[in-house]
Amino acid sequence: MKNIYALLAICLFGQVQAQSQYYVLNDSIIKLDSVVVSAIKVSPERMPETKANVIYSGKKNEILKLAAFNANLTTNNAREVFSRVPGVNVWENDGSGVQINVGVRGLSPNRSWELNTRQNGFDISADVFGYPEAYYNPPLEAVESIELIRGGAALQYGPQFGGMLNYVLKRENHKKFSFETQNTAGSYNLMSSYNAIGGKLGKFSYYAYNHSRSGDGWRENSGYKVRNTHLFMEYAFTENTKLSAEYTNMEYELQQAGGLTDAQFQENPRQSLRNRNWFGVPWNVFALNFDTKISERFTSNTKLFGLVGERNSVGFTATPNVADAINPATNDYANRRVDRDLYENFGLENRNLWKYQLGKMENNLAFGVRLYQAHTIRKQDGRGTTAADFDLSTESKFPRELSFYTNNVAVFAENQFKITDQFSVTPGVRYEFIENTGSGRFGIQSGNDVPFEDKNISRSKALFGLGMEYSFGTTNVYANITQAFRPVLFSDLTPPAVTDVIDPNLKDASGFNADLGYRGTFNNYINFDVSLFYLSYNNRIGGIRQFVNNDPTQGTFLYRTNLGETVNKGLESFVNFNLTRFLNVHNTYGNIELFATMSFIDSRYTDFSVFTASGTAPNIVITESNLKGNRVENAPRYIHNFGLVWSKSNFSGTVQYRKSGRVFTDANNTATPSANGVTGLLEGYEVLDLSAEYKILKNYNLRAGINNVTNEMYATRRAGGYPGPGILPGEGRTFFVSVGAKF
């Protein structure tokens, strides 16, 4: 792999062959030669100054139109899909694609929890503030585009440090009836079928799809079954007033292969030491959307949305150096652990855009309000069966059963002041009120319930931001600085041990994002965006080891409180160069493009106290140290993607090379792997992917691809718990072949 320096490939943009034309000039008939017109699609695109009642001027953003490039959409291969967005770190738990784990700018990719994750503009995570993990994402074969707005999104979408990630689903707005199908087979018994219908009948529009996928997985014990169904309906009262409703249901069962120790990984990364571990969800999201244009200068949008879902897991959760073996005394396996979460959340979000004249310049004011309530029931540490199937039954009640509520009210406003036709300044503010409450049973000791002391945290938070943009023709310079914060999570309120103590004055993590960049297009053959960023992340939560009653003879306890700060800074760059358009030979040779996304990330602790205890009572010694200067865990120093694309007539293809730097997997920057595989340095990796498509008779397509062409053995993460402690290997070489049609 390390000897690969040249990239080869193949990608589509429709080419139209015009017939020979005849013109009359001075009574003479002149025959003109045939002309080939190649339509180029730029990806990523960027948001206009305003869209859907949101101001994007001065904010770093990308729009990925999935039809504009080749990738393995069947298994939601995030490594390929986000290859044109700099700085996106991807965790690869398995090859099922049921969860997309991405992070930006050195932030954790864990189920995309540092991003405000949405579908068609509304939330799809478990609880945006208490438990912001996304156990659901739509099948990418159903997605028209992916919108990623960096930290400057905090004022309009929410306070998350990473920004906003939005999946925009396909719609049919031209035909009365359309049908689309895509059917895929691949390595390790991959079978997938996506089928959709849609259309527009007068004032009524509709779209529905069903996606079913199954496979055995590249690793042992990693089979999966997933189904995703969606229904959308819209009625246009007038050209400017529309009401729509949509509902999505997803269900999947995923066998968890578990983690490996480093020795096991080197021996055979495909092996699995767990065959009794399972994970699954039913996930339901729904929304009502009302759009209206009250006047030429005022538009409004209101969304009412909700989610009802579950997170269910059962398995033997010991580290990989502990065998899941039959006990000779019982002649049976150990009882498995069962964990279940039940989620219900509802929200209302109103957005408005008012265009007004100030002097001779047209200005834009975007403002709105958000109401949100979420309820999570968390059941943990249940004593499950000794069986091997996906059985969530328990022998008795769950030792830990908690109930959490989140209430949120937010108001926000941004105003784009147009100083000149080229220069604009956009100040903004967002005010958040958040209340978290918790109650229930924390554990069982000697047959008696250990109550969870009722928690109630209420706070108000104002966020401010300022963006600027100056245009030079088809390019612009942009700058943005925006405050952000991360509310105290439910996991922060429920430490692992009953003896741990939570700081009653625990603060939300706070900080800001700053961007300075230059982007745009040039002469239809260069598309680029180069920027610097700085991200400050304060009030990180950690544990202070203290003596019980200040007495070393009574042992110690862990006091969880705010301890420190991290700073992430670096360079993000993207450039796409169309070689044949530059040489003006695209009519003959098609489009040959080179693209590169390069990011350099320096993520470090600037202050974070840690405490360790040694010895036994009454001679316990507590030692304090500081992580200042340590690298933030799971933050690679660089992430680079390089690609070569060729498209001509009905054929297109892409070859892509990804190179990611090594990472520490714990805050102590432990280099030597632990015996159980949970901590230790992970080396960088290099992966090559190839995807291609051939369109047949306009309505049909044939797609194929090879992921990890050189069969690189690598890993993107270590897990301390779910989906199984230890190293989680990335997939080796796999392939897919897909046949589709659209009428």
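This is a short tour of strands, cores and aromatic rings in a predicted model.

Residues are numbered from 1 along each chain as its sequence is written, and side-chain values use heavy atoms, leaving out hydrogens and water. Because the model is predicted, local features need pLDDT of at least 70 and side-chain atom pairs count only at pLDDT 80 or more, while totals for chains, interfaces and linings use all residues.

**Stop 1: three strands**

Select residues 400-418 and 423-445, which are strands β23 and β24. Strands here are DSSP E runs of at least two residues, numbered from the N terminus, and two of them pair if DSSP finds at least two bridges between them. β23 and β24 run antiparallel, with 16 bridges, and make a hairpin with four residues between them. Click on Ala413 and you'll find Val429 of β24 opposite.

Now add β25, residues 448-472, which pairs with β24 over 21 bridges, again in the antiparallel sense. Gly428 has Gly465 in β25 as its bridge partner. In the hairpin of β24 and β25, with two residues between the strands, look for Ser446 and its positive phi near 55 degrees.

**Stop 2: the cores**

Next, pick Phe82, Ile146 and Trp283: they touch the most other members of the largest nonpolar core, which has 64 residues. A nonpolar core is a set of buried Ala, Val, Leu, Ile, Met, Phe, Trp, Tyr and Cys residues joined through side-chain atoms within 4.5 Å; buried means under 20% relative accessible area, exposed over 50%, and partly exposed in between (1.4 Å probe, protein chains only). Strand β19 (residues 278-295) supplies the largest share of this core, five residues.

Show what surrounds Phe82: beyond its neighbours within four places in sequence, its contacts (heavy atoms within 4.5 Å) are Leu64, Val88, Ile100, Val102, Ile146 and Leu165. Then jump to a second, separate core of twelve residues, with Tyr559, Leu563, Val632 and Ala635 among them.

**Stop 3: rings**

Rings of Phe, Tyr and Trp (its six-membered ring) pair if their centres lie within 6.5 Å; planes under 30 degrees apart count as stacked, over 60 as edge-to-face and the rest as tilted. The whole structure has 33 aromatic pairs. Try Tyr470 and Phe472, a tilted pair at 4.9 Å and 55 degrees; Tyr470 is partly exposed at 35%, as is Phe472 at 47%. Tyr605 and Phe608 sit 5.4 Å apart at 65 degrees, so they are edge-to-face; Tyr605 is buried at 4%, and Phe608 is buried at 9%.
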